[in-house]
Protein chains: 2
Amino acid sequence: MTHTDLSSPIGGLSNGVMVASGLEGICVTRTRLSRVDGQKGRLVIGGFPVEEIAPQARFEDVLHLLWFDRLPLPDESESLRRSLASERVLPAATLALLRAAAERATPHMDALRMAVASLSLAEDHPGDSSRAAQLHRAQALVARFPTIVAAYARLRRGFEPVAPDATLPHAANYLYMLTGERPDVDLVRALETYLNTVVDHGMNASTFTARVIISTRSDIVSALTGAIGALKGPLHGGAPGPALDMVFAIRDRAARSGHSLVDETESWVREKLVAGERIMGFGHRVYKVRDPRAEVLGAAAARLFEGVGDRELYGIVRRVEQVVVRVLHEHKPQRRLETNVEFYTALLLHGIGLDSDLFTPTFAIGRAGGWTAHVLEQIDEDRLIRPDAIYVGEDRHWNAA
Amino acid sequence: MTHTDLSSPIGGLSNGVMVASGLEGICVTRTRLSRVDGQKGRLVIGGFPVEEIAPQARFEDVLHLLWFDRLPLPDESESLRRSLASERVLPAATLALLRAAAERATPHMDALRMAVASLSLAEDHPGDSSRAAQLHRAQALVARFPTIVAAYARLRRGFEPVAPDATLPHAANYLYMLTGERPDVDLVRALETYLNTVVDHGMNASTFTARVIISTRSDIVSALTGAIGALKGPLHGGAPGPALDMVFAIRDRAARSGHSLVDETESWVREKLVAGERIMGFGHRVYKVRDPRAEVLGAAAARLFEGVGDRELYGIVRRVEQVVVRVLHEHKPQRRLETNVEFYTALLLHGIGLDSDLFTPTFAIGRAGGWTAHVLEQIDEDRLIRPDAIYVGEDRHWNAA
């Protein structure tokens with residue numbers, strides 16, 4: 001038996017002895033939710049280029065687009081907002097679990113996984129598998145993500161959770177539950193742009209996890225719990241903090257050494273490359289050119305820092321980015337390592353006022369929209385996802401052991 | 001763009017426009033843990049044919065085989081037993097969550113998912129990613145599955161949980177925590193045979209889920225939580241009860257009608273087929289011939305019912321099975337629908353004294369061994385699993401919307 005890795009983006013399988021390692025380039029399903037074109041650096045969400053929809057749409061309207069395959073009419077938009085707002089409260093046992101987690105300083109994504117796993121406690125008709133019931137479950141889950149994240153963020157800092165305000169939309173209410181104050185409109189717009197940008201992204205590992213789980217005809221709570229587990233991994237969504245930490249580290253080192261920011265960035269990146277370390281915030285398995293989400297979030301950050309934010313920090317980040325991309329290109333000319341979504345996620349969410357331990361949970365708040373839409377799509381497809389593996393172990397016998 | 005489903009077991013992919021629907025026949029990785037030969041009806045676990053190892057090995061020794069790729073020496077066997085026994089106690093918050101779930105009559109598998117999701121509360125060094133730390137986490141998780149399942153089973157019936165007994169092995173202690181009494185040796189042997197039989201089974205949907213999650217460099221608690229979510233689906237492990245329910249229904253109908261069991265079975269199956277319903281307990285996506293696990297569990301059931309069990313029931317089950325297989329063959333001569341693992345799982349676990357709502361959680365107790373071994377294998381492989389999807393949605397523009 002021979003074993004051959006497929007390193008081309010699309011690999012051919014012939015007679016069962018080749019391994020599609022990592023499933024790279026293997027198309028597992030059709031979807032109408034998003035199109036990722038890694039070669040051209042394009043992302044389409046529900047039919048719209050991400051550059052067009054993310055900065056303009058309300059998050060609830062993007063949810064409607066994904067769930068119903070069209071933007072809502074004005075009264076449908078209001079109706080969906082109210083419906084989501086009415087589902088935000090957590091079961092008492094979920095909140096008790098978050099308190100116990102906070103006492104042990106459990107990481108935020110572990111707390112989110114535990115809390116979402118417990119949300120079948122909030123379901124009234126678990127046996128109803130009608131389309132309407134599944135859609136209602138999907139909506140209720142998406143509605144509760146910000147409540148969990150905000151409650152846990154406050155508990156970790158020693159504050160009591162703030163109850164949701166049903167008069168506020170999804171994004172505004174999340175910021176309100178974090179701070180207890182009604183947020184500035186520019187911050188809400190920046191957050192909605194972020195949530196819209198990351199709401200869906202093809203067959204990424206967390207979305208795929210959710211689809212594999214629901215493909216056994218399991219339930220949506222199980223599917224989203226699994227997806228959170230995949231998202232928390234550093235190779236997926238679990239490491240957006242370090243990109244900004246790098247900028248801060250370089251800025252501080254330049255201030256101490258008296259070197260220019262450009263020189264300090266250059267020597268910092270070269271040190272990391274010599275040590276064989278990865279530069280966080282650059283490069284993406286799918287995008288071979290610039291990640292279109294980085295463009296959208298960069299523009300949103302420019303607007304935000306123009307208004308309420310720290311303009312100097314914005315300038316520093318842009319200059320660091322340029323130097324890193326140049327040095328990476330000199331280091332590996334044959335491979336384009338462009339700024340990825342993590343880099344501008346960190347800048348934008350920092351500008352909104354979020355601590356870095358909230359970056360991945362906030363990613364999950366956005367992506368929950370895509371996860372639920374994919375789960376509903378997979379329920380319609382109704383085909384078990386079950387690949388094969390090649391056995392490479394020994395042959396043994398019990399009596400000879 | 002054309003879209004073609006691959007219906008052959010191994011499908012060819014050429015230029016990115018074909019969909020490997022369900023990933024059937026796509027080999028995603030190499031594994032030394034188990035070999036499933038669906039054409040020949042053979043299953044190898046850690047190198048051993050399932051018929052040889054399952055009825056003879058201790059469950060802890062099978063765990064050692066999967067985790068370390070060899071059977072343990074006697075002192076290693078004892079050491080692993082003691083080590084697992086020392087990890088059984090649940091965090092207080094996990095038990096509190098189970099109490100809240102029991103108050104709402106949450107299904108057993110949802111309760112297991114919630115409880116396992118919370119087990120990072122029991123971790124002392126979450127940041128340690130060394131091989132030893134990962135192995136210890138795997139062992140601690142496997143050790144706690146029976147404690148969760150037994151505690152919840154008792155809470156659902158209105159009883160207090162029974163604390164684990166560290167002097168008892170894994171399987172015996174599970175039965176002890178369910179009943180509060182030290183179990184009969186024949187029951188323990190039957191249960192160990194079952195756990196060994198289902199401990200691993202190639203790249204099934206739950207195992208695959210665990211590998212996808214850990215492939216993002218996430219954590220083992222997340223991977224096993226996701227796997228439970230996949231296992232609970234009726235297309236995977238979530239429906240072993242109905243096979244035995246069918247036997248009881250046929251037996252009762254025969255008693256009422258005065259017809260022979262054979263005649264009653266025959267008419268019952270034909271009614272179901274005319275109504276387009278699936279006969280639970282027969283047929284498997286992978287096995288085209290008799291499922292080797294059904295043989296092992298059938299033989300274990302024969303031994304068990306010979307000793308402590310209900311011999312009449314065993315005879316009824318065997319006769320019903322023969323008639324169902326014959327009628328199914330007459331109905332679809334081109335397709336062999338043989339008895340699958342669910343059918344004899346139901347009989348054996350019923351004989352051990354488990355209620356049908358414990359069948360799938362007990363499956364999870366066994367499969368946790370395979371899940372953890374696959375997770376450790378995937379950690380070594382360290383390759384992100386991320387397939388593609390084909391976009392089939394519309395092209396839209398924001399201003400034209």
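Reader: What is the count of salt bridges between chain A and chain B?

Author: Keep in mind that this is a predicted model. One example to look for is the pair B:D124 and A:R104, whose side chains meet at 4.0 Å, N to O. Counting the salt bridges between chain A and chain B gives 11.

Reader: Which helix gives the most to the side of chain A that touches chain B?

Author: Polar contacts also join the chains, with 53 residue pairs counted where both residues have pLDDT 80 or more. On the side of chain A that touches chain B, the helix giving the most has 6 residues there and spans residues 220–231. That helix is α10 of chain A.

Reader: How do the residues of that side of chain A divide into nonpolar, polar and charged?

Author: Let's set the scene with the contact count: 101 residues of chain A are in contact with 102 residues of chain B. On the side of chain A that touches chain B, the division is 44 nonpolar, 33 polar and 24 charged.

Reader: Which residues of chain A lose the most area to chain B?

Author: Together, the two chains bury about 9000 Å² between them, and 60% of that lies on carbon and sulfur atoms. Three residues of chain A lose the most area to chain B, together 10% of what that side buries. They are A:R386, A:R396 and A:W398.

Reader: Why can we say that the copies meet through the same surface?

Author: Look at which residues take part on each side. The copies meet through the same surface because the interface residues of chain A are also interface residues in chain B, and the share is 100%.

Reader: Which residue of chain A comes closest to the rotation axis?

Author: Chain A superposes on chain B by a rotation of 180 degrees, with 0.0 Å of shift along the axis and an RMSD of 0.1 Å. The two copies are therefore related as by a two-fold rotation axis. The C-alpha that comes closest to this axis in chain A lies at 2.0 Å, and it belongs to A:G226.

Reader: Which residue in β5(B) stands opposite A:T31?

Author: Here a strand of one chain joins a strand of the other. Strand β3 of chain A (residues 27–31) and strand β5 of chain B (residues 388–391) run parallel and are joined by 4 bridges. Opposite A:T31 in β5(B) stands B:Y391.

Reader: Which strands stand at the edges of the open sheet in chain B?

Author: This sheet has 3 strands in the order β2-β3-β4, with antiparallel pairing. Strand β2 (residues 34–37) pairs with β3 (residues 42–45) over 4 bridges, while β3 pairs with β4 (residues 48–49) over 2 bridges. Each edge strand has a single partner, so one side of it is left without a neighbour in the sheet. The edge strands are β2 and β4 of chain B.

Reader: Which residue in the turn between β2(B) and β3(B) has a positive phi?

Author: These strands form a hairpin with 4 residues between them. Two pairs help you trace it: B:D37 has B:R42 as its bridge partner, and B:S34 stands opposite B:I45. The turn residue with a positive phi, about 70 degrees, is B:G41.

Reader: And what is the positive phi of B:G46?

Author: This residue sits in the turn of the hairpin formed by β3(B) and β4(B), which has 2 residues between its strands. Across that hairpin, B:I45 has B:F48 as its bridge partner. The phi of B:G46 is about 55 degrees.

Methods: Residues numbered from 1 in each chain as written. Chains lettered and ligands numbered in written order. Heavy atoms only, no water. Pairing = 2+ DSSP bridges. Contact = heavy atoms within 4.5 Å. Buried area = accessible area lost by both parts, 1.4 Å probe. Polar contact = N/O pair within 3.5 Å; in protein donor to acceptor, adjacent residues only side chain to side chain. Nonpolar A, V, L, I, M, F, W, Y, C, P; charged D, E, K, R; others polar. Least-squares fit on C-alpha atoms with pLDDT ≥ 70 in both.
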